[in-house]
Amino acid sequence: MSEIKRSVSLYSYQDSYYDGKLDLEGCLRETAKAGASGVELLAETMIKQFPNPIYTEEFQAQWNGWLQKYKLTPTCYDAFLENRIYDNRMLSLGEQIEMMQRDLKCASILGFSCIRTLVSTPIDVIEGSLEYAEKVGVKIGLEVHAPFSLNSTWAQGYLDRLSGNDSKFNYFAFIPDMGIFCKNIPDVVADKWRRAGAKEEFIKIVDDAYASRVANGFTKIEYSLNLGQANMNYRNANGLGDLTEKFKSMGASPADFGYLNASYTYSWSDPQDLIDNIDRICHTHAKCYNTHEDYVETAVAIPEVVAAYKKCGYDGYLSTEYEGGECLRDHEIVDDIEQVRRHQEAMRRAIEG
Amino acid sequence: MAGRQIYNPDGFKNVEKDGKVCGFQFQFKLQYYRGITLSIIRDIKVVIDGEELPREAVSITVNGETFTLEECRTVVSPLYRWEFGEFATVTAAKEGGLAKGPHHICVLQHIAPSYMPFPIQSTCEADFEI
């Protein structure tokens with residue numbers, strides 16, 4: 001019997017929350033109804049006047065009461081290191097560490113065992129926060145989000161600095177986002193650009209190019225503090241420059257280019273990467289875009305990822321992170337509750353099957 | 001089919017100062033997925049009936065306090081976040097306000113979350129009546 005557990009990131013319910021259909025408690029209720037035993041929180045999305053309430057006994061009692069009522073375990077707290085909070089300078093290293101410690105503290109108060117930090121987090125900030133992370137017993141999980149990947153110079157750069165004999169290094173980990181295991185571009189993305197006017201011949205070129213990148217392997221992104229530049233280099237190394245020229249010569253429309261550029265936000269890694277890094281994985285974002293009625297996700301390799309995790313005995317959470325709404329919300333009301341329900345069922349089948 | 005609601009349909013109105021109409025107001029939601037400090041707002045560009053208003057004419061109100069776009073640059077207090085899912089009120093100075101009848105508004109929300117390689121610019125359009 002696999003020990004893999006299921007969670008929901010409340011990111012998934014952003015449309016229902018935006019529309020006022022769900023409040024924080026409503027999101028927890030839906031999470032439990034969908035069959036998950038864990039919950040992942042974006043405090044900056046759903047706790048007003050963040051972080052003030054987290055420090056109050058009143059909110060803490062309410063939060064703990066909800067967890068009990070809905071039988072949920074706090075899994076991961078998503079932190080946003082707002083190191084450009086002022087437009088005229090980057091926060092100093094000390095200020096950034098202070099901010100990360102604030103999030104570690106908030107996570108600890110609310111019962112989370114790890115925080116998610118974004119791909120843009122400087123190594124020095126994590127290194128400088130590890131002692132505090134150990135003190136409060138909360139791991140710092142670096143998200144591995146497309147176009148980044150495990151087993152890359154980017155990931156190795158963090159490992160080189162954040163490994164060692166000191167026990168504090170046990171508090172650095174990775175959080176793979178399953179968007180790095182996309183076998184194809186999600187159907188809702190293509191449909192969005194179709195509505196905007198993208199033509200089938202261009203969509204086919206983009207889809208075929210993606211399939212060829214999956215078959216031949218992606219060139220991986222390098223570590224850099226200049227993410228914009230690193231991202232452009234990555235895109236061109238994976239053929240965007242050539243495709244752009246081809247599209248120009250064929251007279252592509254802005255919508256055709258829109259789909260082409262969108263296709264570079266998805267990527268494919270070998271699920272073996274999870275097995276290779278299992279000792280450093282504390283949590284997983286189970287990204288999803290469109291889970292069909294038959295419980296098949298449009299793009300993410302759920303069965304392959306679960307199989308890899310079973311093989312290496314992963315006993316952490318797969319946390320549903322529904323993102324397909326961004327392709328729909330200009331055009332229709334997003335049914336994120338149903339999408340989460342289907343995705344949880346898809347994962348349950350893969351885990352228990 | 002219709003997408004998500006951005007503007008409060010009841011939020012459009014003229015504003016008066018000392019008995020004179022000096023501008024208009026609208027209310028809209030942040031097109032992002034978390035609440036933000038006002039300091040990461042780079043711009044709220046208001047185009048009303050094709051006329052672009054100067055940056056100095058625009059101010060934003062959250063939790064009962066009003067800040068010009070220039071002042072927003074230093075607003076980092078938890079008390080004055082633009083909360084996710086909540087309307088912020090924008091006031092645009094314009095002599096005489098808006099005439100009675102139909103209008104078209106197009107506003108660019110321009111914010112810069114620290115981790116994004118590129119800022120987020122969302123165009124928010126609506127037809128309304130005063």
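In what order do the five strands of the open sheet in chain B run? Select them and you can read off β1-β2-β9-β6-β7, with antiparallel pairing. Keep in mind as you click around that this is a predicted model.

Stay with the sheet and colour its two ends. β1 (13–17) and β7 (65–68) of chain B stand at the edges, and each has a single partner strand, so one side of each has no neighbour in the sheet. Look at the twist too: ignoring direction, neighbouring strands here are turned by 30° against each other on average.

Now zoom in on β6 (residues 58–62) and β9 (residues 87–93) of chain B. This antiparallel pair is joined over four bridges. For a spot to centre on, pick Val58(B), which stands opposite Ala92(B) in β9(B).

Next, hop to chain A and show α5 (residues 93–109) with α6 (residues 123–136). Their axes come within 9 Å and cross at roughly 30°, and the crossing is right-handed. Turn on side chains where they meet: on the α5(A) side you'll find Leu93(A), Ile97(A) and Leu104(A), among others, while α6(A) brings residues including Val125(A), Tyr132(A) and Val136(A). The residues of this contact split into eight nonpolar, five polar and two charged.

Last stop: Trp268(A), in the loop between α12 (254–262) and α13 (272–276) of chain A. Is Trp268(A) buried or exposed? Buried, because 22 C-beta neighbours fall inside 10 Å. Leaving aside residues up to four places away in sequence, Trp268(A) touches Phe181(A), Cys182(A), Lys183(A), Val214(A) and Phe218(A). To link back to α5, draw a C-alpha to C-alpha distance from Trp268(A) to Arg102(A): 34 Å in space, with their positions 166 residues apart in sequence.

Key: Residues numbered from 1 in each chain as written. Chains lettered and ligands numbered in written order. Predicted model: local features only at pLDDT ≥ 70, side-chain atom pairs only at ≥ 80, totals over all residues. Axes fitted to C-alpha atoms, helices over the stretch in contact; angles between N-to-C directions. Left-handed = near helix turned anticlockwise from the far one by under 90°. Contact = placed C-beta atoms within 7 Å. Nonpolar A, V, L, I, M, F, W, Y, C, P; charged D, E, K, R; others polar. Buried ≥ 20, exposed ≤ 12 C-beta atoms within 10 Å, placed from the backbone. Pairing = 2+ DSSP bridges.
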